[in-house]
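Subject: Structure handover

Hello,

Here is the structure I promised to pass on. Please open it alongside this note. My findings follow below.

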Amino acid sequence: MLYERIKEICRSKKISVRRIETDLHFSYGSIGKWNKNTPSIERVKMVANYLGVDIGELINDSLESNRS
């Protein structure tokens, strides 16, 4: 799932999800809802850029998890 993938990358980079939300001016807890609500591609791209990863790294891993 997308949120779990983001959390995993955050852990490896020692960044909190809350820090991303604050820095990108997202509402508190909004990224945590991404497993239930589909975010806009623009928001996912913003998070990918913030984390320094390709957007596909977030999306593809999430899609593969959904297929399992």
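Start with S30. At 12% relative accessibility, S30 counts as buried, because the cut-off for buried is under 20%. One caution before going further: this is a predicted model.

**Around S30**

S30 sits in the loop that runs between helix 2 and helix 3. Its side chain reaches the backbone oxygen of S27, at 2.9 Å. Leaving out residues up to four places away in sequence, S30 touches E21 and R43.

Now take E21. This residue lies in helix 2. Is E21 buried or exposed? E21 counts as buried, at 3% relative accessibility. Its contacts, not counting residues up to four places away in sequence, are F26, S27, Y28, G29, S30, I31 and G32.

**Salt bridges**

Side chains of opposite charge can pair when their charged atoms come close. How many salt bridges does a search of the whole structure find? The search finds four.

E21 takes part in one of them. Its side chain meets that of R18, at 3.8 Å from N to O. The cut-off is 4 Å, so this pair counts as a salt bridge. E21 and R18 are three residues apart in helix 2, so about one helical turn separates them. The partners differ in burial class: E21 is buried, with a relative accessible area of 3%, whereas R18 is partly exposed, at 38% relative accessibility.

Helix 2 also holds the pair of D23 and R19. D23 forms a salt bridge with R19, and the closest N and O atoms are 3.1 Å apart. Here the spacing is four residues, and again the separation is about one helical turn. D23 is partly exposed, with a relative accessible area of 35%. R19 is also partly exposed, at 42% relative accessibility.

Next, E57 and R5. Their side chains meet in a salt bridge of 2.9 Å, N to O. E57 lies in helix 4 (residues 55-67) and R5 in helix 1, so the pair ties together parts that are 52 residues apart in sequence. R5 counts as buried, at 13% relative accessibility. E57 is partly exposed, with a relative accessible area of 31%. The pair also belongs to a network of salt bridges that links R5, E8 and E57.

**The nonpolar core**

The largest nonpolar core has 17 residues. Which of them touch the most other members? They are I6, I20, I31, W34, V47, L51 and L58. Three elements give two or more residues to this core: helix 1 (2-13), helix 2 (17-23) and helix 3 (41-51). Helix 1 gives the most, with five residues.

V47 is a useful place to look inside this core. Not counting residues up to four places away in sequence, V47 touches I6, I20, L24, F26, I31, W34 and L58. I31 and F26 deserve a second look. Both are among the contacts of V47, and both are also among the contacts of E21.

**In brief**

S30 is buried and touches E21. E21 is itself buried and meets R18 in a salt bridge. The pair of E57 and R5 ties helix 4 to helix 1. Helix 1 is also the element that gives the most to the largest nonpolar core.

Best wishes

Technical notes: Residues numbered from 1 in each chain as written. Predicted model: local features only at pLDDT ≥ 70, side-chain atom pairs only at ≥ 80, totals over all residues. Heavy atoms only, no water. Core = buried A, V, L, I, M, F, W, Y, C linked by side-chain atoms within 4.5 Å. Buried < 20%, exposed > 50% of the residue type's maximum accessible area, 1.4 Å probe, protein only. Contact = heavy atoms within 4.5 Å. Polar contact = N/O pair within 3.5 Å; in protein donor to acceptor, adjacent residues only side chain to side chain.
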